[in-house]
Amino acid sequence: MLTATFLCVSLSLLEPVMSWIIILVVCAVIMRLALYLQLQKHAPSVRTLNLLALLSAIVLAYFSFQLGVLLGMLNLLVLACALKLMLLRSNKDYYQLVTSCGFLIGCGFIFQQGIGFSVFYLALTMLLMLSLACQNSPARSIQTNSKHIALMSAQAAPICGLLFIVMPQVGPLWQMPSSKSHKTGLAEQVTPGDIASLSQSSELAFRVTFDGRIPTNQERYWRAMVLEDFDGKTWRVSPLRKSVRRQYQQSNKAFTPSVVGPYLSYNVIAEPTHQRWLYAIDVAVANDPATAKKIWQGHDYQLISRSPLMSNFQYSVKSYLNTPLNQSLFSVDNRINQQLPSQGNPRTQSWVRELRKANPNDSAFIQAVLANFKNQPFEYTLTPPLMQDQPVDQFLFDQQSGFCSHYASAMAYALRLGGIPARMVTGYQGGEMRENAYLSVYQYDAHAWVEAWHSELGWQRYDPTAVVAPDRVIYGLRAAIADASELIDSPFLLNRFNGVAWLTELRFMLADLDFLWTKWIIGFDKQTQQDLIKSLIGKLTPQRLALFGLSVMGIIALLLLTFFWRALRGYQTDMMTQYYLRAEVLLQKLNIQRLRHQGPQEFAQTVSVKAPPSINKPFARITSQFIQYHYQNLKPEQRAALITKVKSDWQQLKKATKKIVR
């Protein structure tokens, strides 16, 4: 059981633990299994393991500078456990490995906090405790030990719940590690076609709960990043924008746009991405002081977390849909968003020159570019062809088939060629609403659109994808490609099973469960804790907090007293033993006392020699009944009959003793 626990928890840490250590873990498990099955008679010698430990420590020390403190210590712990498993010879070794496995299970929650992994780690904890119970009580069956562990866990659950609510919510004492690879999601650079690969993923990106009005699907443009640097193929976050943003962050000067008109109020629970960008509908501002401390807004209207999203991240914002995007640093915006690659895509340049001559007005020129997408036979597809050489030319004039990033890239480039500042914005569009309770936005909702500058209105959003495939914006990605054969072999299977009612309901039920877990367990932060305690005791004064803490301690003490009341009262003997012990007390009044080495039958023989028949006979029957009760396989009714008889014989012995004592 201990070996299985260690193997499972190690395999769950595949990403943070180095591969050669995982191989060492598997070797240790195989060796322990061979010893258990007696395929191998002897464990490796201490000298061999010491040499292996020395070599492993040298290799780990070499890599530790790249890993950081937390990952280095985690790898060291897994390595030590693997070596200890090979040298498991004494109870001390066993208990050390049990303790270390408990720490490893705790480390697992640093990297995986979903409900599935939580159930998995809970099962490993139960298995670890069962191993400990079987080690300390080998005479008990596994079923008995399992019931004992289940009872103890049930007793611990309410205490854990109370401690979860009242324990201070403090941040980690270590720096969270960076991922070996980026999580599935958007990136700071996009080559047309990259976002198309995200559409093949059904991983959750974030969830939203609305306070009041729910935006329509056409309003759900969730801004994540603004890409302003274009080299002819790839769009990136502008280095100049990063530099300006860094200067404002160092001076703690966040961009606070003036907002007007009605707003949407909502809470976002973002999935971990190991990045800093957040998601919101324009124009978004923090909804409460707690959110204002956690997020920062740039002059490109992008929300940024002050720390990387290493776990689920909650924030509350208001979005003012009617606020114009004209309050940014126009000098910087104009300089960045009119830059053009030095060469490439000559056909697009020629086409834009002709189109610009025919449409000198900026608005007319923009509409002419959109009309080109509408009038030409463009197609919306998840599997666009490769366009590596002169990609914009190939897309506009040869292939005319692509995903949202192709259309956004081509339009933004065309507008810049026409002298209009333009940029690509990436994020998500749409989302799946669950009965007005919450909105789920998945990776396949990833989207890209264009923002162009108007001298009076500021930045204006244009979505060329909506011109080619309007169903993408109105009904979502699945509706836009409902009949596409390209979905048949893709991981994007939700479209295939939408008609199966029970599968759809099961998917919604699992989503509801995951939402509640994320909101109330993973998202239970310091602010949520304070709000909960405030709803229970009112104003958070020191006196009330002290009384609340004492009340919780009292409840825990009462629960512990209830659980261990029988143990505190001492060992409770059965009724037959009680009558036998009472009979011994009666005999002590006659100076007849059982010696410590005497068993019941030998003592009965001593009583027959020292006591008269009036004492000897009832005590002999009591002894016989005592032996039958404890050492014969009797039915419940037979045991009950013996209790009745021993009670009668004890009464008779009591009367006889009184006569002699008098």
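**Salt bridges, cysteines and surface patches**

In the predicted model described here, Lys 242 counts as partly exposed, its relative accessibility being 31%. The side chain of Lys 242 meets that of Glu 188 in a salt bridge, with a distance of 3.0 Å from N to O. This pair links distant parts of the chain, since Lys 242 belongs to helix H9 (residues 239–250), whereas Glu 188 is placed in the loop between helix H7 (142–166) and strand S1 (189–190), the two residues being 54 residues apart. Glu 188 is likewise partly exposed, with a relative accessible area of 36%.

The structure holds 20 salt bridges, and two further examples may be set beside the pair just described. In one of them, the side chains of Arg 213 and Glu 219 meet at 3.2 Å, again taken from N to O. Arg 213 is partly exposed, with a relative accessible area of 45%, and Glu 219 also counts as partly exposed, at 24% relative accessibility.

In the other example, Asp 333 forms a salt bridge with Arg 241, and the closest N and O atoms of this pair are 2.5 Å apart. Distant parts of the chain are linked here too, for Asp 333 lies in helix H11 (residues 330–336) and Arg 241 in helix H9, 92 residues apart. Asp 333 is buried, with a relative accessible area of 0%, and Arg 241 counts as buried as well, at 3% relative accessibility. Both residues take part in one network, in which salt bridges that share partners join Arg 223, Glu 228, Arg 241, Asp 282, Asp 333, Arg 423 and Glu 451.

The cysteines were considered next. A search of the whole structure finds zero disulfides, and the surroundings of two cysteines illustrate this result. The sulfur of Cys 8 has its closest cysteine sulfur in Cys 101, at 10 Å, which is too far for a bond, because a disulfide requires a pair of cysteine sulfur atoms within 2.5 Å. For Cys 81, the closest cysteine sulfur is also that of Cys 101, and the distance of 5.2 Å is again too far for a bond. As for their accessibility, Cys 8 counts as partly exposed, at 30%, whereas Cys 81 counts as buried, at 1%.

Attention may finally be turned to the surface, where patches of two kinds are described. In a patch of positive charge, Lys 589, Lys 655, Lys 658, Lys 659 and Arg 662 gather on the surface. Arg 662, one of the residues of this patch, lies in the segment after helix H26 (636–661). Arg 662 is described as exposed because its relative accessible area is 83%, and the term exposed applies to values over 50%.

A nonpolar patch on the surface is formed by Leu 33, Tyr 36, Leu 37 and Leu 39, which together have about 500 Å² of accessible area. Among the members of this patch is Leu 39, which is found in the loop between helix H2 (19–36) and helix H3 (46–67). Leu 39 is also exposed, with a relative accessible area of 66%.

Definitions and conventions. Residues are numbered from 1 along each chain as its sequence is written. This is a predicted model: local features need pLDDT of at least 70, side-chain atom pairs count only at pLDDT 80 or more; totals for chains, interfaces and linings use all residues. Side-chain values use heavy atoms; hydrogens and water are left out. Patches are made of residues with over 30% relative accessible area and no salt bridge: like charges are joined within 9 Å, nonpolar side chains (Val, Leu, Ile, Met, Phe, Trp, Tyr) within 5 Å. Accessible areas come from the Shrake-Rupley method with a 1.4 Å probe; for residues, only the protein chains shown count as cover. A salt bridge is a side-chain nitrogen of Lys or Arg within 4 Å of a carboxyl oxygen of Asp or Glu. Lys and Arg count as positive and Asp and Glu as negative; His and the chain ends are not counted. The place of a charge is taken as NZ of Lys, CZ of Arg, CG of Asp or CD of Glu. Helices (H or I, at least four residues) and strands (E, at least two) are DSSP runs, numbered from the N terminus. Buried means under 20% relative accessible area, exposed over 50%, partly exposed in between (1.4 Å probe, protein chains only).
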